[in-house]
Amino acid sequence: MSEVKQPVTLKVLKGAPYLVKGPFTLIHADGREETMESAHLCRCGASSNKPFCDGTHGKIGFEK
Ligand code: FES
């Protein structure tokens, strides 16, 4: 039986992070690879845990 692969989707959440749904492989700046099912990625630039969202967008009033 062949596996049905779902496409990776990236959704822009208003005033919030990107929601990525996979599975997908995240390659960090140091080359480390991480296979993930989903992730919230920071798009406000203020997260202390980049590339992931840490909720800071709400504290700084990010609205885009
Ligand atoms: S989008 Fe959430 S901390 Fe940047």
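A residue is called exposed here when its relative accessible area is over 50%, buried when that area is under 20%, and partly exposed in between. By that scale aspartate 30, with a relative accessible area of 59%, is exposed, whereas arginine 32, at 44%, is partly exposed. These values, like everything that follows, come from a predicted model. The two residues belong together in this account, since arginine 32 forms a salt bridge with aspartate 30, in which the closest N and O atoms are 3.7 Å apart. A search of the whole structure finds 1 salt bridge.

The strands provide the framework for the rest of the description. There is an open sheet of 3 strands, arranged in the order β1-β2-β3 with antiparallel pairing. Its edge strands are β1 and β3, each of which pairs on one side only, and from one strand to the next the twist averages 25°.

Taking the pairs in turn, strand β1, which covers residues 9-12, is joined to β2 by 4 bridges, and the two run antiparallel. Within this pairing, threonine 9 has lysine 21 as its bridge partner in β2, while lysine 11 stands opposite leucine 19 of β2. The hairpin of β1 and β2 has 5 residues between the strands, and in it glycine 15 takes a positive phi near 70°.

On the other side of β2, the pairing with β3 is again described as antiparallel and extends over 8 bridges. Leucine 19, already met opposite lysine 11, has histidine 40 as its bridge partner in β3, and tyrosine 18 is matched in β3 by leucine 41. β2 and β3 also form a hairpin, with 5 residues between them, and glycine 31 in the turn has a positive phi of about 90°.

Which residues make up the largest nonpolar core? This core has 7 residues, namely Val20, Phe24, Leu26, Met36, Ala39, Leu41 and Phe52. The elements that give two or more residues to it are β2 and β3. In soluble globular proteins, nonpolar side chains tend to be buried together. Of the core members, phenylalanine 24 can be followed further: once residues up to four places away in sequence are set aside, phenylalanine 24 touches Val8, Glu34, Thr35, Met36, Glu37, Ser38 and Ala39. Two of these contacts, Met36 and Ala39, are themselves listed in the core.

The backbone has two peptide bonds that deserve a careful look when the model is inspected. Glycine 22 and proline 23 are joined by a cis peptide bond with omega about 20°, and proline 23 has its place in strand β2, which covers residues 18-27. The peptide bond from lysine 50 to proline 51 is likewise cis, with omega near 10°. Proline 51, however, lies in the loop between β3 (33-41) and α1 (56-60).

Beyond that loop comes helix α1, in which threonine 56 is found. Is threonine 56 buried or exposed? Its relative accessibility is 15%, and because buried means under 20%, threonine 56 counts as buried. Leaving aside neighbours within four places in sequence, threonine 56 is in contact with Ala46 and Ser47.

The cysteines complete the picture. A disulfide is a covalent bond between the sulfur atoms of two cysteines. How many disulfides does the structure hold? The structure holds 0 disulfides. Cysteine 42 is buried, with a relative accessible area of 17%, whereas cysteine 44, with a relative accessible area of 21%, is partly exposed. These two values fall on either side of the 20% cut-off, so the two cysteines receive separate labels.

Conventions:
Residues numbered from 1 in each chain as written. Predicted model: local features only at pLDDT ≥ 70, side-chain atom pairs only at ≥ 80, totals over all residues. Heavy atoms only, no water. Salt bridge = Lys/Arg side-chain N within 4 Å of Asp/Glu carboxyl O. Buried < 20%, exposed > 50% of the residue type's maximum accessible area, 1.4 Å probe, protein only. Disulfide = S-S within 2.5 Å. Pairing = 2+ DSSP bridges. Core = buried A, V, L, I, M, F, W, Y, C linked by side-chain atoms within 4.5 Å. Contact = heavy atoms within 4.5 Å. Axes fitted to C-alpha atoms, helices over the stretch in contact; angles between N-to-C directions.
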